[in-house]
Amino acid sequence: MTTAVATEYEVVVGLEVHVQLKTQSKMFCGCAADYFDVEPNTRVCPVCLGMPGMLPVINRAAVEYTVLTGLALGCAIPQHSKFDRKNYPYPDLMKGYQISQYDQPLCVGGGLEIEVDGVPHYVRLERIHLEEDTARLLHREDAHGEGYSLLDVNRSGVPLMEIVSRPDIRSAAQAGAFLRKLRQTLRYLEVSDADMEKGSFRCDANVSIRPRGSETLGAKVEVKNMNSFRAVMRAIESEVERQTEVLTSGGVVVQETRGYIDATGTTVSQRSKEEAHDYRYFPEPDLPPLDITPAEVEELQRRLPELPDARKQRFEAEFGLTPSEAALLTETRAEADSYEEAVALACPHGVDKGRARAVAHWFIGDVARLRHQEGGEVELSATPLTSAHIAELVTLVEGGTITLTTAKEVLEIAFESGSRPSAIVEERGLAQVRDEGEIDRIAREVIEANPKPVADYAAGKAAALQFLVGQVMRQTRGRADANSVADVLRRHLDAG
Ligand SMILES: [Zn+2]
């Protein structure tokens, strides 16, 4: 019954993403903005502590990072922008108000192209604005079970960029794809770590449902407290389910704020529309208006790196990669850089698609496997292996110095030791056996020692040849070319 009715409703989701900017100093003072793993209340000054009479000064780098993000996401950058005071009483707000932006944000419009199960979907953005982060409240309990709170002001004043999407998201899966693509883009821009676990990337979701075909929006429920992409998707799913049940049982969805409970995968009411704050926004009197000239926008446009989609398409065209190979190799900017560096080294006379693909297969295959063993997302630069190592490995295989089997062995040694593949090959005598006389000698020995498979082969069992090839390969420790070994064996066997 529920599922049959549920299909009559369309899911409408908009996301609000808060992103901490990776600037040296805070938004309005000179304190260091990095507070992760730092003693509480050591990165503070009269400005971010909210002392009366202290004057804020705009961090230009934070403005530039926000405009860069806007340009990457196709936003318009209005020439005039300003900061406003957002007033609300909460103990994490040192001044009793937050300096934010209201009616004149830094970036407007734009959007992000996402893909779910091969289906592209464009999510428009409403705006991107800049504000300051609040202090951190840590809730504790004393020996008698009495609750109390600790305040860490280190986070107060850290530059915070808020990216607001339009209600264009139609499923939890699309929300997940949007967040992944946004995080990837922010990391490419190097404006934020965008790490949800560390709190430098936070997301609230506005969820509503409406009868399919309807143009009006249903009552909007704001869902908070999600600490991972998976939590965001689960929260949306459970909220859609709850609202569907309310409507199908003849009820009315109430506009409210709800908190997501990870343990149960459900949401609970936090406050209704009636209790919503009236922020009484007004222009921040202590800061000048924020003007961005067209020349400044142009300068920032020039600073934009090649973005994930463009780079992926170029990798497909330039290196002959499949879309999924190109997607894997452009997942992070560091990975794409490492790959391109290795291709350049492996192709000193210009790009050779065969070699570029061989390099790609090492990155995606054995190198990825070794990095994974080191524990998840280990960047290549954090291992003893370099792009030069991988390029050399490809060159050694393509030039016939070592076999593919040997190359895998060499890679593992290089990954552990950081030694150059050519040095490993030389030290350990791993060069391919190309001495036909030696292969011939070993082949005859193997035939001599294995009368049963030889008889099988003579009786027409082709698999017996594979066994004999394996024996020769074992004796050469994988240093012979399997195809030539098969040729030599066949010659002897067929000659009887
Ligand atoms: Zn400060």
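In the predicted model, Val-116 stands opposite Val-119 in strand β7, and this pair belongs to an antiparallel arrangement in which strand β6, covering residues 111-116, is joined by six bridges to strand β7, covering residues 119-132. The hairpin formed by β6 and β7 has two residues between its strands, and within this hairpin Asp-117 adopts a positive phi near 50°. Strand β7 also pairs with further strands. With strand β5, made up of residues 107-108, β7 shares two bridges in the antiparallel sense, and here Val-108 is placed opposite Arg-127 of β7. With strand β10, which comprises residues 159-165, β7 is connected through seven bridges, again with the strands running antiparallel, and in this pairing Ile-128 lies opposite Ile-163 of β10.

Another hairpin is built from strand β13 (residues 256-261) and strand β14 (residues 266-272), which pair in the antiparallel sense over six bridges. Ile-261 has Thr-266 of β14 as its bridge partner. Four residues lie between the strands of the hairpin of β13 and β14, where Gly-265 takes a positive phi near 70°.

A further element is an open sheet of three strands, arranged in the order β4-β3-β15 with antiparallel pairing. Because β4 (97-100) and β15 (282-283) stand at the edges and each has a single partner strand, one side of each is left without a neighbour in the sheet. Strand β3, which consists of residues 84-87, is held to β15 by two bridges, and these two strands run antiparallel. Asp-84 is found opposite Pro-283 of β15.

Helix packing may be considered next. Two packed helices are described by the angle between their axes and the distance between the axes. Helix α14, which spans residues 451-458, packs with helix α15, which spans residues 463-475, at an angle of about 145°, and their axes are 8 Å apart. The crossing in which α14 passes α15 is left-handed. On the side of α14 the contact is made by Pro-453, Asp-456 and Tyr-457, while α15 contributes Ala-464, Leu-465, Phe-467 and Leu-468. When the residues of this contact between α14 and α15 are divided by character, six are nonpolar, none is polar and one is charged.

At the level of the whole chain, the protein contains 16 helices and 16 strands, and it is divided into domain 1 (2-297), domain 2 (306-428) and domain 3 (436-494). The centres of domain 1 and domain 3, taken over C-alpha atoms, are separated by 67 Å. The C-alpha trace of the protein spans about 95 × 60 × 55 Å along its principal axes. The radius of gyration of the protein is 31 Å, whereas a compact globule of 496 residues would have a value near 23 Å.

How values were computed: Residues numbered from 1 in each chain as written. Predicted model: local features only at pLDDT ≥ 70, side-chain atom pairs only at ≥ 80, totals over all residues. Domains from an automatic or database assignment. Axes fitted to C-alpha atoms, helices over the stretch in contact; angles between N-to-C directions. Left-handed = near helix turned anticlockwise from the far one by under 90°. Contact = placed C-beta atoms within 7 Å. Nonpolar A, V, L, I, M, F, W, Y, C, P; charged D, E, K, R; others polar. Pairing = 2+ DSSP bridges. Rg over C-alpha atoms; globule rule 2.2 N^0.38 Å.
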